[in-house]
Every structure is written in C-alpha cells, then in structure tokens.
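Welcome, and please open your viewer. We will take a short walk through one protein, stopping at a few places to select and look.

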Amino acid sequence: MKRSIAGSDLRRISTLSAVLLILVALLGVQLLMGSQFADARQLREEANRIIQNRANLAELLELHLEAETGVRGFVLTASESFIGPYTAAVNRRESIFRALEATGEPSTVARIPELQRLSDLKLANAAAQVREVRAGAIEAARERVRSGEGNEFMIAIRSRIAEADRLEAATLV
C-alpha cells in the first residue's frame, strides 16, 4: 500500500512540476513579447519623428519657393494679390525652425543656424523688392531680381535642406 501512495504522490509531483514549468515558460514568453512590442513601439515613434522632421524640411523649402514666386509676381505686376504667399512664408518660418530644433537629428539641429542665416538673407532680399515696388521703384526691384542674388540664396537653401533631409533619412536605415 505504501508503494501505491508513493507512486500516486510521484505522479502528482510530476504533474505539478509540468504545470509549473509550463507557467514559467509562458511567463518568459510574455516578458519576451512585451519587450519586443516595446522595441517595436520605440522604433515606430522614432520613424514617425524622422518622417515629421523630413516633412518640416520639405515645408521649409516650400515656403521659400512660395515666397520667391509671390514676390516675383509682385515685382512683375505690382499687384498686392501676389504678396499672400510671401507673408504666409514669413509667418510660418519660425514655427518650422522651432519644430526642427525640438525634434531634429543632432546633425540637422547643427545646420539650423546656417539655414536661418540663409533664410534671413533670402527673405530680406524679398522684403527689399516688396519695399521698392511699393515705393514705385519697380525697375530697381526688377534689377534686384536680375542680379541673381536672391537666386543664389535659394540655391544655397535648397542645398542645405537636401543635405539635412539626407541625414534624417539615413537614420531610418
């Protein structure tokens, strides 16, 4: 009789051990999966941040193009209806720079002062053209366009934005 009790106890211990082992294995799987999900969430957040930075860089380029186009139309026609994109660009610019400073890659953030300097020069050139047209000095404004100075600033802005965009994109790989 003692032998059957010992055998019965052994089966119970084996069964309990197996159940305990399964529970430990399930807990390990749960912990591993939780870690994997946290890693995936972190990667997704990083990718979204980089995508937003690249969108901000594209918007920065777009606003300079819109300002340039609007001012050029104003210089050609002296019609105030062309000034809207220039005014909007001036108003949006700082918020884009702030967003890039807050979330950009360090390599992008390091390029912001140079981009701001070029943007200041480009928009100052545009503002001078607007002042000249409003003062009736349309030919002086046209000469400023012909000088190519504003275009040189725009080429430099495009180049710096493209460089920053490449650096942001490289972090996605």
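The tour below starts with the whole chain and then moves to particular helices and one residue.

**Stop 1: the whole protein**

Show everything as a cartoon, and keep in mind that this is a predicted model. How many helices and strands are there in the protein? You should find five helices and zero strands, so reading along the sequence gives the pattern α-α-α-α-α.

Now turn the model around to judge its outline. Along the principal axes, the C-alpha atoms fill a box of roughly 120 × 25 × 20 Å. The radius of gyration is 31 Å, whereas the globule rule gives 16 Å for 173 residues, so the protein is more spread out than a compact globule. If you colour by burial, 28% of the 173 residues count as buried.

Contacts are worth a look too. Take the ones between residues at least 6 apart in sequence: 75% of these join residues at least 24 apart.

**Stop 2: helix 3 and helix 4**

Select residues 106-134, which are helix 3, and residues 138-147, which are helix 4. Their axes come within 7 Å and cross at roughly 155 degrees. An angle over 145 degrees counts as roughly antiparallel, and therefore these two helices are roughly antiparallel to each other. The crossing of helix 3 past helix 4 is left-handed.

Next, show side chains where the two helices touch. On helix 3, pick N125, A128, Q129, E132 and V133; on helix 4, pick I138, A140, A141, R144 and V145. Colour them by type, and this contact divides into six nonpolar, two polar and two charged residues.

**Stop 3: helix 3 and helix 5**

Keep helix 3 and add residues 149-170, which are helix 5. At what angle do helix 3 and helix 5 pack? The angle is about 160 degrees, with the axes 9 Å apart. That makes helix 3 roughly antiparallel to helix 5 as well, and helix 3 passes helix 5 in a left-handed crossing. The residues of this contact divide into ten nonpolar, six polar and seven charged.

**Stop 4: T108**

For the last stop, zoom in on T108, which is in helix 3. Is T108 buried or exposed? With a relative accessible area of 2%, T108 is buried; the cut-off for buried is under 20%. To see what surrounds this residue, leave aside its neighbours within four places in sequence and select L100, A164 and E168, which are in contact with T108.

Note on methods:
Residues numbered from 1 in each chain as written. Predicted model: local features only at pLDDT ≥ 70, side-chain atom pairs only at ≥ 80, totals over all residues. Heavy atoms only, no water. Axes fitted to C-alpha atoms, helices over the stretch in contact; angles between N-to-C directions. Helix = DSSP H or I, 4+ residues; strand = E, 2+ residues; numbered from the N terminus. Parallel < 35°, antiparallel > 145°, perpendicular 65-115°, else oblique. Left-handed = near helix turned anticlockwise from the far one by under 90°. Contact = heavy atoms within 4.5 Å. Nonpolar A, V, L, I, M, F, W, Y, C, P; charged D, E, K, R; others polar. Rg over C-alpha atoms; globule rule 2.2 N^0.38 Å. Buried < 20%, exposed > 50% of the residue type's maximum accessible area, 1.4 Å probe, protein only.
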